[in-house]
Amino acid sequence: KRRIGVMTSGGDAPGMNGSVRAVVRMALHSNCEAYAIYEGYDGLVKGGDMIKEMQWEDVRGFLSEGGTLIGTARCKEFMERDGRRTAAKNMILNGIDALIICGGDGSLTGADKFRGEWPSLLEELVEKKELTAEQVAPFKHLNIVGLVGSIDNDLSMTDATIGCYSSLARICEAIDSVDTTATSHQRAFVVETMGRHCGWLTLMAGVATGADFIFIPEQPAKEGWEGGMLNIIRKHRAMGKRKTIVIVAEGAIDEHLNKITPTQIKEILSGAGLDTRVTTLGHVQRGGRPAAYDRMLSTLQGVEAVKAVLEATPETPSPVICMIENKIVRRPLLEAVAQTKKVAEAIEKKQFETAMELRDAE
Ligand code: ADP
């Protein structure tokens, strides 16, 4: 029987549990054994109790739980070759030759690197007498499949990442809450949202809450933005609007690439006579139960990930499971990650049109 490992890695995202559940149950349905690797790559490097066989009932109730019940971590050892060699050893000791990872671009890059090094890691394990040639012989190839778990929706080649719609819903709820006070007291609120290189959450929250103004990394504020923002806000107020909501992404910048901070905006609004407060949503955006969309996405993608493992050949590049125009599709993992990095670089170099084209490209 094939043994398939599943792990969650990097920042937690609502819906990660749904993907673990789907992988475990689809693996069992496909007559494979399923193993959960606890605490991300840490579990793979530590081995022992951190790698557990999962049965159908072990993932019961996972679908509606937020975060990740099998834990996640940032693992320094896995960044080093020695750590990856130990990880390879633990996989072989558990008979696992396929790994499905739900994580961000960092975790997926690590996974593909692991696959590339796999044959040489096995040679080293034999050379160092950590395993025998007979032990490693059945594990010639490592199959890696990526699932993108990230609230930022920042991976190129997919329309939605697991977690982004839950986070968006949470942001909207939070803004609805501050709206109450804003309207009652005729106040202005500056709300800071997550997203270092990707303004998706901010842009969509702006549309979904009818915010007055937003700041996102992909569209740096032009010279004189302060006056432009105030004009819009004054116009809305003149039409009888009793509240002002400005949403700022963490990575918001002006055209000289200076960071735009919520405090800076607060000072501008206060200077214009508005009673202004800053609300930083922080980890509230990542927490809580997954929205219906993320439960659906993680389930369908988890099923597809197991199919991708069963269909993989040594020649197929590691796939990442994406969602493009409402269809679950596979894309080469390394290309998706490389393109995501190019988007971030283009934003840093002020090449915003290039960044948008790269992000939209399939
Ligand atoms: P995310 O997956 O959310 O982008 P990180 O970038 O922190 O989060 O990556 C999570 C973990 O994945 C790291 O702690 C490390 O163990 C592993 N990892 C990330 N990048 C690499 C890499 N280039 N090589 C090997 N492992 C990596």
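**Ligand shell, sheet and helix packing**

Biologist: Which helix gives the largest share of the shell around the ligand?
Modeller: The structure is a predicted model, in which local features need pLDDT of at least 70 and side-chain atom pairs count only at pLDDT 80 or more, while totals for chains, interfaces and linings use all residues. Residues are numbered from 1 along each chain as its sequence is written. With helices taken as DSSP runs of H or I of at least four residues, and strands as runs of E of at least two, both numbered from the N terminus, the largest share, 6 residues, comes from residues 105-127, which form helix α4.

Biologist: Of the 16 residues around the ligand, which come nearest?
Modeller: A residue is near the ligand if its C-beta atom, placed from the backbone, lies within 6 Å of it. By class, this shell has 4 nonpolar, 9 polar and 3 charged residues, where Ala, Val, Leu, Ile, Met, Phe, Trp, Tyr, Cys and Pro are nonpolar, Asp, Glu, Lys and Arg charged, and the others, Gly among them, polar. Of the 16 residues, those that come nearest are G10, G104, G106, S107 and G110.

Biologist: Which are the edge strands of the open sheet?
Modeller: The sheet has 4 strands in the order β7-β8-β6-β9, with parallel pairing, two strands being paired if DSSP finds at least two bridges between them. Inside this order, β6 (residues 188-193) and β8 (residues 244-249) pair over 6 bridges, and V191 stands opposite I247 in β8. The strands that pair on one side only are β7 (213-215) and β9 (276-280).

Biologist: At what angle do the axes of α6 and α7 cross?
Modeller: α6 (residues 164-185) and α7 (residues 200-209) have axes that come within 10 Å, an axis being a line fitted to C-alpha atoms over the stretch in contact, with angles from 0 to 180 degrees between N-to-C directions. Angles under 35 degrees are roughly parallel, over 145 roughly antiparallel, 65 to 115 roughly perpendicular and the rest oblique. α6 is therefore oblique to α7, and the axes cross at roughly 50°.

Biologist: Which residues of α11 does α4 meet?
Modeller: Helix α4 also packs with helix α11 (residues 333-348) at an angle of about 140°, with their axes 10 Å apart, and these helices are therefore oblique to each other. The contact, counted where C-beta atoms placed from the backbone lie within 7 Å, involves D105, L108, T109 and D112 in α4, which meet in α11 the residues L333, L334, V337 and T340.

Conventions: Two residues are in contact if their C-beta atoms, placed from the backbone, lie within 7 Å.
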